[in-house]
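Colleague: I've never looked at this one before. Could you walk me through the terms people use for it?
Modeller: Sure, let's take a look together.

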Amino acid sequence: MPQLRRVPALLVALTWGLASASPATDLFDTVTKALETGYYGWSTVDRVALAQKYAPILAERCEAQAEACDFGTGRAVITDMLKELGDAHTNVRDAEGAERLAEVSQNKSVPRTGARVSRVAGGLLVVSVMPGSPAERAGVRRFDLLTQVNDEQAGTDQPIGPTEFVRLERANMPITVTVRRAGTPERNLTLTPQNLQARDEPTLSWVGEGGRTALIQYPTFLSSDSAELFLARVGEAKRAGAEALIVDLRYNGGGSLNECVAASSVFGPTVYRARFERGGFTYGGLLGDEVMSPVARMARPDWAVWKQPVALLIGPNTASCAEVFTHYARLSGATAIGEVTRGVGNSGVNFRPLPDGGVLGLTILKAFDAADNPLPDRITPDILAPTDIAALTSKGQDTTLDAALGALKAQASAPAAIATNPAPEKPTAPPKQGLDGR
């Protein structure tokens with residue numbers, strides 16, 4: 001961790017003082033101060049020198065606007081600066097992005113269609129559909145492709161992306177979409193938003209031969225009950241006699257450390273060490289709940305809610321807390337299948353308000369396991385099986401899911417011994433701590 005140097009910091013301030021104050025400079029000053037005084041992550045870039053480099057760049061871009069230089073100009077320069085920092089967990093969101101984050105974190109009631117989408121070539125891929133929502137009632141299904149939204153093209157390099165789709169939902173007006181699904185002609189549907197909870201909950205469905213493999217789509221760890229909801233779905237799968245479990249994390253961008261540590265302990269005890277610039281904290285998980293870390297340390301490895309075969313679906317949209325969940329589930333025997341994840345699983349952030357109403361996601365901790373080994377920044381799958389979007393939308397073939405079913409079938413031919421030791425009663429958990437961001 002590079003030491004802060006007072007003289008260069010002063011030089012930055014003096015250099016910046018030559019320019020007129022503006023919304024852009026206020027935003028820049030707030031972010032650079034937070035970087036210099038509060039950042040604690042894996043980047044070794046000299047943050048003072050970084051601010052020194054980008055201050056004159058901002059001054060040049062603001063020259064024509066002077067004191068009226070807007071937040072957008074400042075945010076663009078800051079975004080470039082943070083890319084050079086090389087820590088994807090540290091980033092800025094505008095006021096709209098901050099509001100979206102608050103909606104899910106606080107589980108607000110907001111106008112939604114119930115469809116969550118991701119930008120891909122050719123349209124918006126529907127990655128989840130809330131049960132009972134307007135989207136489900138209109139006939140939208142997971143992995144449908146929305147090629148047009150309100151008569152505008154959607155997808156990569158097109159006007160409509162996920163942000164624009166959510167913006168239309170919040171306007172609370174009917175949305176016309178063109179839906180492409182494998183094996184059926186394109187059709188137009190009208191989705192009328194209604195007030196729904198902002199979070200997307202884990203959902204349970206059945207796949208594989210005889211429908212005996214449980215598939216849980218796990219969309220986020222942001223809400224404060226995401227581990228509890230996951231544990232409930234796992235319980236449903238057990239009671240229904242599931243022979244194996246697949247957890248789909250391909251579009252899970254992270255959330256609360258408490259929640260992902262607790263959720264991963266469904267498969268075995270979890271101990272996660274967060275190291276801050278001054279001090280640290282240890283999170284513990286056991287039987288799907290948060291516990292005091294000594295309890296998790298003393299628990300037997302075979303104390304688990306789920307002991308049958310497990311496969312995890314991961315990809316480039318799997319990030320942060322979802323990578324932490326994947327790491328600990330693999331330690332308990334789960335198989336990761338798909339593509340390399342985004343790569344921020346070895347750190348954590350908190351969110352700081354900015355003058356434009358947005359937030360700065362600032363890395364404040366480094367992550368370690370119980371043996372004090374750094375957690376991996378990203379997860380490389382045990383079985384490489386990228387999701388072929390073209391096959392998914394034209395043929396209805398989920399290549400990653402197919403690979404997982406094949407791996408589980410192979411595991412079933414070589415059964416492992418299952419321990420019979422009883423699990424202890426779950427102790428009381430400590431207060432909620434930390435948020436790792438998306």
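Colleague: How many of the 438 residues count as buried?
Modeller: Of the 438 residues of the protein, 50% do. Buried means a relative accessible area under 20%, exposed means over 50%, and partly exposed is in between, with a 1.4 Å probe and protein chains only. Before we go on, this is a predicted model, where local features need pLDDT of at least 70, side-chain atom pairs count only at pLDDT 80 or more, and totals for chains, interfaces and linings use all residues. Residues are numbered from 1 along each chain as its sequence is written, and side-chain values use heavy atoms, with hydrogens and water left out.

Colleague: What is the average pLDDT of the protein?
Modeller: The average is 91, and 90% of the residues score at least 70. pLDDT is the predictor's confidence in each residue, from 0 to 100. Over residues 1-19 it is below 50, and that stretch has 27 contacts in the model beyond near neighbours in sequence. Residues 417-438 also stay under 50, with 71 contacts beyond four places in sequence. A contact means heavy atoms within 4.5 Å.

Colleague: Why is lysine 409 called exposed?
Modeller: Its relative accessible area is 54%, and the exposed class starts over 50%, so lysine 409 belongs there. Lysine 409 lies in helix 13, residues 399-412. The protein has 13 helices and 20 strands; helices (H or I, at least four residues) and strands (E, at least two) are DSSP runs, numbered from the N terminus. The C-alpha atoms of lysine 409 and alanine 244 are separated by 9.1 Å, though the two are 165 residues apart along the chain.

Colleague: And what makes asparagine 150 partly exposed?
Modeller: Asparagine 150 has a relative accessible area of 31%, which falls between 20% and 50%, so partly exposed is the right label. You'll find asparagine 150 in the loop between strand 5 and strand 6 (152-153). Not counting residues up to four places away in sequence, asparagine 150 touches Leu168, Pro174, Ile175 and Thr176.

Colleague: Which phi value does phenylalanine 143 have?
Modeller: Phenylalanine 143 has a positive phi of about 75 degrees, although it is not a glycine. Most residues other than glycine have a negative phi. Phenylalanine 143 sits in the loop between helix 6 (134-138) and strand 5 (145-149). Its relative accessible area is 12%, under the 20% limit, so phenylalanine 143 is buried. Aspartate 372 has a positive phi too, near 70 degrees, and is found in the loop between strand 19 (359-368) and strand 20 (383-384). Aspartate 372 is partly exposed, at 32%.

Colleague: How do you know what belongs to a nonpolar core?
Modeller: A nonpolar core is a set of buried Ala, Val, Leu, Ile, Met, Phe, Trp, Tyr and Cys residues joined through side-chain atoms within 4.5 Å. The largest one here has 43 residues, and Val247 and Phe325 are among those with the most contacts inside it. Helix 11 (residues 321-331) gives the largest share of this core, 6 residues. A second, separate core of 23 residues includes Val31, Tyr54, Leu58 and Cys62.

Colleague: What makes a space count as a cavity?
Modeller: On a 1 Å grid over the protein atoms alone, a cavity is a set of points where a 1.4 Å probe fits but cannot get out, and lining residues have an atom within 4 Å of a point. Grid points are joined across faces, edges and corners, and a volume is the space filled by probe spheres set on the points. That gives 2 cavities of 30 Å³ or more, and the largest holds about 60 Å³. Its lining includes Arg116, Tyr218 and Asp248.

Definitions and conventions
On a 1 Å grid over the protein atoms alone, a cavity is a set of points where a 1.4 Å probe fits but cannot get out, and a pocket is an open set with protein on both sides within 12 Å along at least five of seven lines; lining residues have an atom within 4 Å of a point.
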